[in-house]
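Dear colleague,

I am handing over the structure below, and I would be grateful if you could look through it alongside the notes that follow. They deal with enclosed spaces, open pockets and the packing of helices.

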Amino acid sequence: MTEPVIVADVVRSGFVEGHHRGSVVVTAPDGAVEWSVGVVDQPMFPRSSNKPMQALGMLRSGLDLDGELLALAGASHSGEPFHLDGVRRILAGVGLDESALRTPPAYPIDEQARDEWVRTGHAVDPITMNCSGKHAAMIATCVVNGWPIHDDAHAKSPDGVWGRDDYRSPEHSVQQAIRTAIEDSAGEKVSYVAVDGCGAPLLAISLAGLARSFGLFAAAAEGTLEARVANAFRAHPEYASGSRRDEAALMKAVPGLMCKAGAESVYAVGLPDGRGIAVKVEDGTPRARAVVMAATLQHLGLTNDEVESQTRHPLYGGGIQVGSVHPNPSLFK
């Protein structure tokens with residue numbers, strides 16, 4: 001069987017301390033695999049890289065969001081004040097407030113935002129959980145359609161399944177619409193359903209299917225719902241991630257590119273020519289994610305100062321940089 005390959009080296013003080021193994025795929029504008037290493041045709045969980053397709057399912061179901069709020073609906077946001085304000089705006093648009101959220105309480109994932117949140121006397125909260133924009137949009141979609149939102153009469157079962165009238169249930173109408181959008185975008189059927197960290201359904205597709213989806217979105221014709229999502233990401237990258245995130249920096253630096261990272265070191269990029277890229281680092285370590293994606297972009301001939309800077313993740317010793325995580329030179333030529 002094909003196995004994940006060494007995609008990045010961990011080098012400290014000139015000594016190769018370790019490696020990160022993973023898989024990478026580039027799909028052509030027609031969706032065919034153009035280049036790949038590792039395992040790209042087997043089921044995997046895209047984690048939050050699925051969020052643009054989830055947003056598509058909600059738009060198809062009548063959700064009326066654009067611009068920064070649509071980007072936030074597809075985001076794993078940093079928990080900065082403008083993100084929290086945006087979540088409240090999405091909910092207020094359908095007459096609700098943040099008490100409707102069923103995201104698990106969490107701190108902001110951005111360290112600076114987290115520290116400020118704690119300094120001002122706050123504890124973990126559902127709104128600061130990075131998926132609260134997506135959940136607010138799911139709830140808004142339910143309200144627009146007259147669908148139930150919560151099923152408080154039925155507690156979650158031991159296998160992690162919510163009551164069917166809960167917006168997080170795989171059987172709920174909003175989740176069924178999302179599943180269809182993911183399958184349509186990936187060009188393949190969902191092969192497994194699990195529960196994601198935020199409590200919403202997590203749908204397995206292949207790494208190639210994930211790349212195919214992003215190529216489709218990035219090259220979508222103006223006026224389509226896919227283009228609406230892609231344009232929101234590209235116009236408001238700080239809402240789609242955070243003001244200090246590598247994803248936002250990459251979207252600002254490469255015209256027409258849209259991207260979304262997910263947990264367990266998943267990362268997907270769509271290029272305006274219709275090519276898609278998807279990365280999965282096997283051990284789930286976030287530090288190798290941007291490194292491998294930047295190396296793949298350079299492999300395709302796309303580079304600039306920002307892309308080059310993302311090919312190295314610094315390692316420190318005694319407060320100074322003594323090494324880096326960098327792409328496997330034998331793989332990315």
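In this predicted model, strand S6 gives the most to the lining of the second largest cavity, with three residues, and helix H1 (51-60) is, like S6, an element that supplies at least two residues there. The full lining of that second largest cavity consists of Arg47, Ser48, Asn50, Lys51, Gln54, Lys134, Asp196, Pro201, Leu202 and Leu203, and the volume enclosed is about 50 Å³. Sorted by class, these lining residues are four charged, three polar and three nonpolar.

A search of the whole structure finds two cavities of 30 Å³ or more, and the largest cavity holds about 60 Å³ of space. Its walls are formed by Gln54, Pro170, Gln175, Gln176, Ile178, Arg179, Val193, Pro201 and Leu203, with helix H6 (173-186) and strand S6 (201-206) as the elements that give two or more residues. Which element provides the largest share of the lining of the largest cavity? That share, four residues, comes from H6. The class make-up of the largest cavity is five nonpolar, three polar and one charged residues. When you inspect the two linings together, please note that Gln54, Pro201 and Leu203 appear in the list for the largest cavity and also in the list for the second largest cavity.

Turning to the open spaces, the largest pocket contains about 860 Å³ of space, and of the 32 residues that line this pocket, the closest to its centre are Ile109, Arg245, Asp246, Pro286 and Arg289. Helix H10 (246-253), strand S7 (258-262) and helix H11 (289-299) each supply at least two residues of the lining of the largest pocket, and by class that lining divides into 13 charged, 10 polar and nine nonpolar residues.

The second largest pocket has about 160 Å³ of space, and the residues around this pocket are Pro4, Ser23, Val39, Val40, Gln42, Pro43, Met44, Leu207, Lys280 and Glu282. Here the division is six nonpolar, two polar and two charged residues.

Helix H1, already mentioned for the second largest cavity, also packs against two helices, and I describe these contacts in turn. With helix H8 (residues 225-235), H1 makes an angle of about 130°, and the two axes lie 9 Å apart; angles between 115 and 145 degrees fall outside the perpendicular and antiparallel ranges, and H1 and H8 are therefore oblique to each other. Their crossing is right-handed. On the H1 side the contact is made by Pro52, Ala55, Leu56, Leu59 and Arg60, and on the H8 side by Leu225, Glu226, Arg228, Val229 and Phe233. Seven of the residues in this contact are nonpolar and three are charged, with no polar residue present.

With helix H7 (residues 207-218), H1 packs at an angle of about 60°, the axes being 10 Å apart, and H1 and H7 are therefore oblique to each other as well. What is the handedness of the crossing in which H1 passes H7? The crossing of H1 and H7 is left-handed, whereas that of H1 and H8 is right-handed. The residues that meet are Pro52, Met53 and Leu56 in H1 and Leu210, Ser213, Phe214 and Phe217 in H7. By class, this contact has six nonpolar residues, one polar residue and no charged residue. Pro52 and Leu56 of H1 are thus found in the contact with H7 and in the contact with H8, while Leu207, in the range of H7, is one of the residues lining the second largest pocket.

With kind regards

Definitions and conventions:
Residues are numbered from 1 along each chain as its sequence is written. This is a predicted model: local features need pLDDT of at least 70, side-chain atom pairs count only at pLDDT 80 or more; totals for chains, interfaces and linings use all residues. Side-chain values use heavy atoms; hydrogens and water are left out. On a 1 Å grid over the protein atoms alone, a cavity is a set of points where a 1.4 Å probe fits but cannot get out, and a pocket is an open set with protein on both sides within 12 Å along at least five of seven lines; lining residues have an atom within 4 Å of a point. Grid points are joined across faces, edges and corners, and a volume is the space filled by probe spheres set on the points. Ala, Val, Leu, Ile, Met, Phe, Trp, Tyr, Cys and Pro count as nonpolar, Asp, Glu, Lys and Arg as charged, and the others, Gly among them, as polar. Axes are lines fitted to C-alpha atoms, for helices over the stretch in contact, and angles run from 0 to 180 degrees between N-to-C directions. Angles under 35 degrees count as roughly parallel, over 145 as roughly antiparallel, 65 to 115 as roughly perpendicular and the rest as oblique. A crossing is left-handed if the near helix is turned anticlockwise from the far one by less than a right angle, and right-handed if clockwise. Contact means heavy atoms within 4.5 Å.
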